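Got your viewer open and a free hand on the mouse? Let's take a walk through this one, stop by stop.

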Amino acid sequence: MYKIPVSVLVVIHTIDLQVLLLERTDHPNYWQSVTGSQDPGETLYQTAMREVLEETGINAADYSLTDWQVENQYEIYEEWRWRYAPDVKINTEHVFGLCLPGITPVKIAAREHLNYIWLPWQQAAMQVFSSSNAWAILNLPVLCTNCLTNNNP
């Protein structure tokens, strides 16, 4: 079964804008936020919840998961195209934010990630390999205003 060319990018961050990054197993030194493709029958929100749980062990239902209403389209890297139908070359990515009250323990999925790190948002944006991920992190102070307003002690 081929992957659906629709995915989520979930920027997990704290109220004070520390960002969680994961290091890819298939590409050491490639850091990213949580990402993953939509499964058949899932809403984008359900995809984001599932991917966060699978990749970090964090139950997003316990926190503030927000659809940032940002959609990116990009060409799928050649090395990963075999996962998609032969004529599929473009993926549509939907950006979410997950606001946590503070740095939370993470249980990474060993088959997907080697390591994780929490970094201040500016450093995190410089560390990620994806331009859409960097953009989302750089715009974190604007995109997560609702989180900051509702969760600030």
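Start by selecting Thr-92 and showing whatever touches it: beyond its neighbours within four places in sequence, Thr-92 is in contact with Pro-5, Val-6, Ser-7, Glu-71, Asn-72 and Gln-73. Thr-92 itself sits in strand 6, which covers residues 90-100. Is Thr-92 buried or exposed? Its relative accessible area is 14%, so Thr-92 counts as buried. One thing to keep in mind as you click around is that this is a predicted model.

**Zoom out**

Now switch to a cartoon view of the protein chain. You should find five helices and seven strands. Follow them from the N terminus and the order is β-β-β-β-α-β-β-β-α-α-α-α.

How far does the C-alpha trace span along its principal axes? It covers about 50 × 30 × 25 Å. The radius of gyration is 15 Å, and this agrees with a compact globule because one of 153 residues would come out near 15 Å.

Turn on a surface next. The protein chain exposes about 8,000 Å², with carbon and sulfur atoms supplying 54% of that. Of the 153 residues, 48% count as buried. Colour by charge and you'll pick out 8 positive and 17 negative side chains, with the centres of the two sets 6 Å apart. If you draw the contacts between residues at least 6 apart in sequence, 70% of them join residues at least 24 apart.

**Into the core**

Hide the surface and select Val-11, Val-19, Leu-21, Trp-68, Ile-137 and Leu-140. These are the residues with the most contacts inside the largest nonpolar core, a set of 19 residues. Which elements feed this core with at least two residues each? Highlight strand 1 (6-14), strand 2 (18-24), strand 5 (64-75), helix 2 (121-127) and helix 3 (131-138).

While you're here, centre on Leu-140. Setting aside residues up to four places away in sequence, Leu-140 touches Val-11, His-13, Leu-17, Val-19, Trp-68 and Trp-121. There is also a second, separate core of 16 residues, and Leu-22, Val-52, Ala-60 and Phe-96 are among its members.

**A stop in helix 2**

Select Ala-124, which lies in helix 2. Ala-124 has a relative accessible area of 0%, so it is buried. Apart from residues up to four places away in sequence, what does Ala-124 touch? Its contacts are Val-19, Leu-21, Leu-119 and Ile-137. For a long ruler line, measure from Ala-124 to Met-1: the two are 123 residues apart in sequence, and their C-alpha atoms are 34 Å apart in space.

**Out to the loops**

Go to the loop between strand 1 and strand 2 and pick Asp-16. Asp-16 counts as exposed because its relative accessibility is 57%. Now add Cys-99 to the selection: Asp-16 and Cys-99 are 83 residues apart in sequence, yet 9.7 Å apart from C-alpha to C-alpha.

Move on to the loop between strand 2 and strand 3 (31-32), where you'll find His-27. Is His-27 buried or exposed? With a relative accessible area of 18%, His-27 is buried, since the cut-off is under 20%. Leaving out residues up to four places away in sequence, His-27 touches Glu-79 and Trp-80. Draw a distance to Leu-114 as well: that residue is 87 places from His-27 in sequence and 9.3 Å away in space, C-alpha to C-alpha.

Stay in this loop, between strand 2 and strand 3, and click Asn-29. Asn-29 has a relative accessible area of 59%, so Asn-29 is exposed.

**Two backbone oddities**

Last stop: backbone angles. Most residues other than glycine have a negative phi. Asn-29 is not a glycine, but its phi is positive, at about 75 degrees. Then jump to Gln-69 in strand 5. Gln-69 also has a positive phi, near 60 degrees, and is a residue other than glycine. Where Gln-69 is concerned, the relative accessible area is 66%, so this residue is exposed.

Methods. Residues numbered from 1 in each chain as written. Predicted model: local features only at pLDDT ≥ 70, side-chain atom pairs only at ≥ 80, totals over all residues. Heavy atoms only, no water. Helix = DSSP H or I, 4+ residues; strand = E, 2+ residues; numbered from the N terminus. Buried < 20%, exposed > 50% of the residue type's maximum accessible area, 1.4 Å probe, protein only. Contact = heavy atoms within 4.5 Å. Rg over C-alpha atoms; globule rule 2.2 N^0.38 Å. Areas by Shrake-Rupley, 256 points an atom, 1.4 Å probe, with all protein chains shown as cover. Lys, Arg positive; Asp, Glu negative; His and termini not counted. Charge placed at Lys NZ, Arg CZ, Asp CG, Glu CD. Core = buried A, V, L, I, M, F, W, Y, C linked by side-chain atoms within 4.5 Å.
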